[in-house]
Amino acid sequence: MSCDEQTEILLHAYVDGELDVARSLEMERHLSKCERCAADLASHRALRSALADGSLYFEAPPHLEKRMRAELRKAAGVPKAVPLPGWRGLAAAASLAAMAVLAWALVATSRAPSREALLDQEIVAAHVRSLMADHLTDVPSSDQHTVKPWFNGKVDFSPEVRDLSADGYPLVGGRLDYIDGRGAAALVYERRKHAINVFVWPEDDSGAGQGEAVVRGYNVIRWRRPGTSYAAVSDLNMAELRELVRDLQR
Amino acid sequence: MSATQREPKRSLSPSDHERFERTLLPHLRAAYNLARWLTRTPEDAEDVVQEAYLRALRFFGGFRGGDGKAWLLTIVRHTCYTSRRRGRVTEATVGLDEAMEDVEDDALGPEELLLQRASGAAVAAALQELPVEFREALVLRELEGLSYKEMAEVSQLPIGTVMSRLARGRKRLRRLLQEHARGGPA
């Protein structure tokens, strides 16, 4: 690969997690040899994390949703105005969602799904639970040196904890959770207000392999290292979730 | 886009209306953010969002499922550019000619530090200053997290053009941030 305009564009696609595995590897080989592209890569990542600053997002004014519902009903000639779901409504919706996950898990069980599918459901259920109960973190901290020692004595292994703020995925904290029948460390990252749970647990012999899945609209990526299983889950799009996983594997 | 050119369908059944709200209202946040980045004022953005939702309602029959975000943003974008009130969209200083020359970026040194120090306000100002095509691409990718495929759908462009706009948009944004850091255009 030479550094022509095409390479430059492919470098963007690489940063955006849009290259297939073969081309990613090719790009990584090129990056290890080409200083200029490596410097560009660092700039792209810095720009991307500058853009991930939440202050760039224009939040819709609170009255807009109510106004839209009313306008839409008027336009559609639907007479009955349904009250806006307040926090209570949201909580009810969240528990409905959780029940749906559970119901789906039960249905899926009766069809004897693969171990991977069961694990993915469990991972998504844990993710949903962490958001519902307003219990995303036990140790809220962006400092990896605070989060890592916190797990001492709480799980029987020492998870690797890294802050990825520079890559646009700030660490927000850690939590204890339960995955695959045992205690797991949950590391929580954030991307534009999307919460990402990264579960880490020691692998057993029957461990599920690597893979990606979409469960009830949540994206799940599982991977392994010798002795350890990992899973990342979020409502964040798959491309960016892959990028996080790539950063974690670095 | 074809959906907005077709003859409006008659009103939806109550259950379809409920499905419409369930599918598309969760993307109100994204709709407003895109509209706000493409138009001049908060009021314009609200008007565009409202018009876009009403269009979406009329053409919901043509919605082929999925999470609806890209479909809605396609309509929001289209509404921004075709809205009856003129001068609503912030200036598009780049023509459709994709061949317009780009500045040489040899002057762009390693500027990670600069970018890391750039405040949110500085980045926002630079993004606002970009020609609307590049701003649109960056907002869809960096703020809305759309994939290239979804971006191509929303912007009605081939993926290759999406990729080159993103690359050039990022390059220009970096240059603007450098200029701002030096205290004004070089």
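The sheet of chain A in this predicted model is open and has 7 strands, in the order β1-β2-β3-β4-β7-β6-β5, with antiparallel pairing. Strands here are DSSP runs of E with at least two residues, helices are runs of H or I with at least four, and both are numbered from the N terminus. Two strands count as paired if DSSP finds at least two bridges between them. At the edges sit β1 (139–140) and β5 (211–215) of chain A, each pairing on one side only. β5(A) is joined to β6(A), residues 218–225, by 5 bridges, and the two run antiparallel. Within that pair, E212(A) has I221(A) of β6(A) as its bridge partner.

Two helices of chain A pack on this sheet. Helix α6(A), residues 115–132, touches β2 (171–179), β3 (182–191), β4 (194–202), β5, β6 and β7 (228–234) of chain A, and its direction makes about 130° with that of β4(A). α8(A) touches β3, β4, β5, β6 and β7 of chain A, with its direction at about 20° to that of β6(A). Axes are lines fitted to C-alpha atoms (for helices, over the stretch in contact), and angles run from 0 to 180 degrees between N-to-C directions. Touching goes by contacts, where two residues are in contact if their C-beta atoms, placed from the backbone, lie within 7 Å.

Elsewhere in the sheet, β3(A) and β4(A) pair antiparallel over 7 bridges, with A185(A) partnered by V200(A) of β4(A). These two strands make a hairpin with 2 residues between them, and R192(A) in the turn has a positive phi of about 45°. β4(A) also pairs with β7(A), again antiparallel and over 7 bridges; here the bridge partner of F199(A) is A231(A) in β7(A).

Taken as a whole, chain A has 8 helices and 7 strands. Of its 250 residues, 33% are buried, meaning that 20 or more other C-beta atoms lie within 10 Å of the residue's own (12 or fewer makes it exposed, anything in between partly exposed, and C-beta atoms are placed from the backbone). Counting contacts with a separation of 6 or more in chain A, 55% come from residues 24 or more positions apart.

Chain B has 10 helices and 0 strands. For its 186 residues the buried figure is 43%, and residues 24 or more positions apart make up 75% of the chain B contacts with a separation of 6 or more. Helix α5(B), residues 69–82, is mostly covered, with 12 of its 14 residues buried; among them are W71(B), L72(B), L73(B), R77(B) and H78(B). Its length works out too: at 1.5 Å a residue (the expected span being 1.5 Å times one less than the number of residues), the 14 residues of α5(B) should span 20 Å, and the end C-alpha atoms are indeed 20 Å apart.

F134(B), in helix α8(B), residues 132–143, counts as buried because it has 22 C-beta neighbours inside 10 Å. Setting aside neighbours within four places in sequence, F134(B) is in contact with R165(B), R168(B), G169(B) and R172(B). S164(B) is 30 residues from F134(B) along the chain, yet their C-alpha atoms are separated by 9.7 Å.

Now for the place where the chains meet. The contact takes 37 residues from chain A and 41 residues from chain B. On the chain A side, α1 (5–15), α3 (35–51), α4 and α8 (238–249) each supply at least two residues, and the largest share, 9 residues, comes from α3(A). That side of chain A divides into 20 nonpolar, 6 polar and 11 charged residues. Here Ala, Val, Leu, Ile, Met, Phe, Trp, Tyr, Cys and Pro count as nonpolar, Asp, Glu, Lys and Arg as charged, and the others, Gly among them, as polar.

One helix pair across the two chains is α4(A), residues 63–76, with α4(B), residues 42–58: their axes come within 10 Å and cross at roughly 35°. The crossing is right-handed, the near helix being turned clockwise from the far one by less than a right angle (anticlockwise would be left-handed). Residues making this contact include L64(A), M68(A) and L72(A) of α4(A) and V49(B), Y53(B) and L57(B) of α4(B). By class, the contact has 9 nonpolar, 1 polar and 2 charged residues.

Residues are numbered from 1 along each chain as its sequence is written, while chains are lettered from A and ligands numbered from 1 in the order in which they are written. As this is a predicted model, local features need pLDDT of at least 70 and side-chain atom pairs count only at pLDDT 80 or more, whereas totals for chains, interfaces and linings use all residues.
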